[in-house]
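Hi,

Here is the structure I promised to pass on. Have a look at it first, and then read my notes on the salt bridges and pockets below.

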Amino acid sequence: MISVDGTVYARTPFGPDYAPTDPAQFGLSDPAALLDPETGVSSLLPAATEPRFGPEARVDGEVVREVSAQIPGEAVEAVLTSAEPSTPVAAVFSIAGDSGELRGAELTGPFFAADVDSTYTIVLDGYGEPADITAPPTGATPPG
């Protein structure tokens, strides 16, 4: 998926082409919203309850600390989606030891069905690097 200026493009189900898509029809949100500093994945950190420090790990040469927590389903629904917003979501955050920046999040909960847990894994890297994200031509084969 590619999101540019409020339009989301996704590959068509049976081909290599992109087409404008409404992610809500698949129970998803705009992927660009995940990185919004006010309302994106980082907004889940202050909503977390019952935090527990886990082990340190090395990811791409950097030391990160894992923090496990519960996130209220209502907070998760505002960022991703939830079939049962009254159910808390289990989270494991990876936080860089030196900078305190969020490097990843693994969220497990009832995203698509109230009685089935699914997992979102989000990896954040390239802090401070410029990103050139452009809309693909409709019907064009995706790059790379």
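Before we get to the contacts, one term: a salt bridge is a side-chain nitrogen of Lys or Arg within 4 Å of a carboxyl oxygen of Asp or Glu. Keep in mind too that this is a predicted model.

**Salt bridges**

So how many salt bridges does the structure hold? There are three.

Start with Glu62 and Arg103, whose closest N and O atoms are 2.7 Å apart. That pair ties together distant parts of the chain: Glu62 sits in strand E5 (residues 62–71) and Arg103 in strand E7 (residues 102–113), 41 residues apart. Arg103 also has a salt bridge with Glu101, and there the closest N and O atoms are 2.9 Å apart. Put together, Glu62, Glu101 and Arg103 are linked in a network of salt bridges.

Is Arg103 buried or exposed? Buried means under 20% relative accessible area, and Arg103 counts as buried because its relative accessibility is 17%. Its partners come out a little differently on that scale: Glu62 is partly exposed, with a relative accessible area of 24%, and Glu101 is partly exposed too, at 27%.

The remaining salt bridge joins the side chains of Arg65 and Glu56, at 3.6 Å from N to O. Arg65 is partly exposed, with a relative accessible area of 29%. Glu56 counts as exposed, at 53% relative accessibility.

**Pockets**

Now for the pockets. The largest pocket holds about 820 Å³ of space. It is lined by 25 residues, and the closest to its centre are Pro31, Ala32, Leu34, Leu35 and Leu124. What is the lining made of, by residue class? It divides into 18 nonpolar, four polar and three charged residues. Strand E1 (2–4) and strand E8 (116–123) each supply at least two residues of this lining, and the largest share, three residues, comes from E8.

The second largest pocket has a volume of about 320 Å³. Of the 16 residues that line it, the closest to its centre are Val59, Ser94, Arg103, Gly104 and Val123. You'll recognise Arg103 there from the salt-bridge network with Glu62 and Glu101. By class, the lining has seven nonpolar, three polar and six charged residues. E5, strand E6 (89–96), E7 and E8 each give at least two residues to this lining, with E7 giving the most, four residues.

If you open the model, try finding Arg103 and then its partners Glu62 and Glu101.

Cheers

Terms used: Residues numbered from 1 in each chain as written. Predicted model: local features only at pLDDT ≥ 70, side-chain atom pairs only at ≥ 80, totals over all residues. Heavy atoms only, no water. Buried < 20%, exposed > 50% of the residue type's maximum accessible area, 1.4 Å probe, protein only. 1 Å grid on protein atoms, 1.4 Å probe; cavity = no way out; pocket = protein on both sides within 12 Å on 5 of 7 lines; lining within 4 Å. Points joined across faces, edges and corners; volume = space filled by probe spheres on them. Nonpolar A, V, L, I, M, F, W, Y, C, P; charged D, E, K, R; others polar.
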